[in-house]
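Trainee: I am new to this structure and would like a close look at a single part of it. Please take one charged contact and follow it through.

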Amino acid sequence: MTNSIAEIKGTDAFIIMGTNTTENHPVIGTKIKRRLKEGAKLIVIDPRQIELCKYADVYLQIKPGTNIAILNGIMNVIINEHLEDSEYIKNRTEGYEELKKVVEKYTPDVVAKICEVKEEDIIKAARIYGKAKRGAFYYAMGLTQHTSGTHSVMSASNVQLLTGNIGFESTGINPLRGQNNVQGACDMGALPTDYTGYQKVFMDPVREAMEGFWHTDLPSKKGLTLTEMMNAAGSGDLGFLYIMGENPMISDPDLNHVKKSLKNLDFLLVQDIFLTETAQVADVVLPAATFAEKDGTFTNTERRILRVRKAIDPVGDSKPDWQILMELSNMLGLKEFYKNPSDIMDEIARITPSYRGISYERLEKGSLQWPCTNENHPGTMYLHKDTMARGRGLFMALEHEESKDQKDEQYPLILTTGRMLYHYHTRTMTGKVEGLNAMASHSYIEINPNTAQKYNIKNGDLVRVSSKRGHIETYAKISDIVNESTVFMPFHFSDGLVNTLTNAAIDPIAKIPELKVATVNIEKVERKVYGYSSTNN
């Protein structure tokens, strides 16, 4: 997030796009609802009628995969009605004229047809946001998990630059991280292009500095992303894979391909706290300690570095991740030795400009937000205060891009996927909690009542869902929170592996797979197998 969670209290208008905030980020969702009660305005853009729609001034129920088009349409109205921040654009941005030329084609009537929404709602949303003093844009994987995901995020940036909402309190571009330490993992270089702090592996001065610090030669080319690794494993170009705390046998797209790729490896090593579906196909499993059994830090969605303190000793033969990695490295000939996680943080601070002021000693007194560039720096509440990281904010003139899967007679419905309140990722942990399973224990597919009637499907019926990549069986849940051409499935459940159906086509820039759009067909297998009641919640 460019801004902080506490700043929600000063926001005048929100765009919430591709994030089911109250279910997947309930603390943030609660703070947004509280601010709405105080008079802030809300625009929700999502294919599914999430809870926040009840509080929205405008709800745009777009066709999945039309993110760029809807944002271009909103910007078209803002520009044509002179609601843009002209002074901000002049002083702090570049590329505006190019953006304007592209956006002028995306009139509300054109965008309404592309996105399958009402023209007047586009206009209303643009007016609300264009007139707001402080507007904040919140998004999650509904924006990113498309073949046009990078361009969709750039479009969100366009909206914020156009309205002068970057570099000030209670504004910004705010991606909501789906897991507790995703931000921290990325900060620490768990990306194929980066060392810690997003220092690029292909930049010679950066690599040479790292080589000097670690006294070793380092590769000058970027590595493979997760989707590319699976393709390389499948083709035989990758022979060994080390998976930590991830469960691709449920979470990755096109699971038939994933299964074949993992079986094609020479050696698969999995390090996890439970014997996950992925660990079950591994050659070796290393038992890792849980969060409560180790010291360390998490960096959350607002760039806040938080101490985690051990409550109990590791159970059985399990060990903290850092210790397992250190011992393996020592076996492979590396001489480095750390006494504790504090030693590791000290090294991170020495090689990472944005973490340079971070130490366990400081974190004992309270959390800090990066950039924190020296030991006296207080941390950074929001980014780009006086200038952008690159100097001027860059507008990107972007066209609507069609999703790779397109509806046809064989696959007439669009499947989109997501998370639910009661479960976390692939249920590795939450699936073992009796109370959570009592609330949600089975896979299901949400189907609009009119669509269900067309297919002669009722609540609880067992249905077969098919795509170009395979088929699964799951239970029907009739609900009007999806429209007639869209169906929705949570991806948590192993008894209805929705990612068997999803598309592994990737964004050419970020290499993110298109998990949010897959065309499918549905058919009834049995009637009244599972007792779902009709709901619009």
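Trainee: Is Glu473 buried, partly exposed or exposed, and what is its relative accessible area?

Mentor: The model is a predicted one. In it, Glu473 has a relative accessible area of 33%, so Glu473 is partly exposed, since that class lies between the limits of 20% for buried and 50% for exposed. The side chain of Glu473 forms a salt bridge with Arg464, and their closest N and O atoms are 2.9 Å apart. Arg464 is also partly exposed, at 26% relative accessibility.

Arg464 has a salt bridge with Glu523 as well, where the closest N and O atoms are 4.0 Å apart. Arg464 sits in strand S16 (residues 462-467) and Glu523 in strand S19 (residues 518-526), so this pair ties together parts that are 59 residues apart in sequence. Glu523 counts as partly exposed too, with 38% relative accessibility.

To place this part in its setting, a search of the whole structure finds 23 salt bridges. One of them joins the side chains of Glu51 and Lys33, at 3.1 Å from N to O. That pair links distant parts of the chain, 18 residues apart: Lys33 belongs to helix H2 (residues 26-37), while Glu51 is in the loop between strand S2 (41-45) and strand S3 (58-60). Glu51 is partly exposed, at 28% relative accessibility. Elsewhere, Asp12, Arg35 and Glu38 are linked in a network of salt bridges.

How values were computed
Residues numbered from 1 in each chain as written. Predicted model: local features only at pLDDT ≥ 70, side-chain atom pairs only at ≥ 80, totals over all residues. Heavy atoms only, no water. Helix = DSSP H or I, 4+ residues; strand = E, 2+ residues; numbered from the N terminus. Buried < 20%, exposed > 50% of the residue type's maximum accessible area, 1.4 Å probe, protein only.
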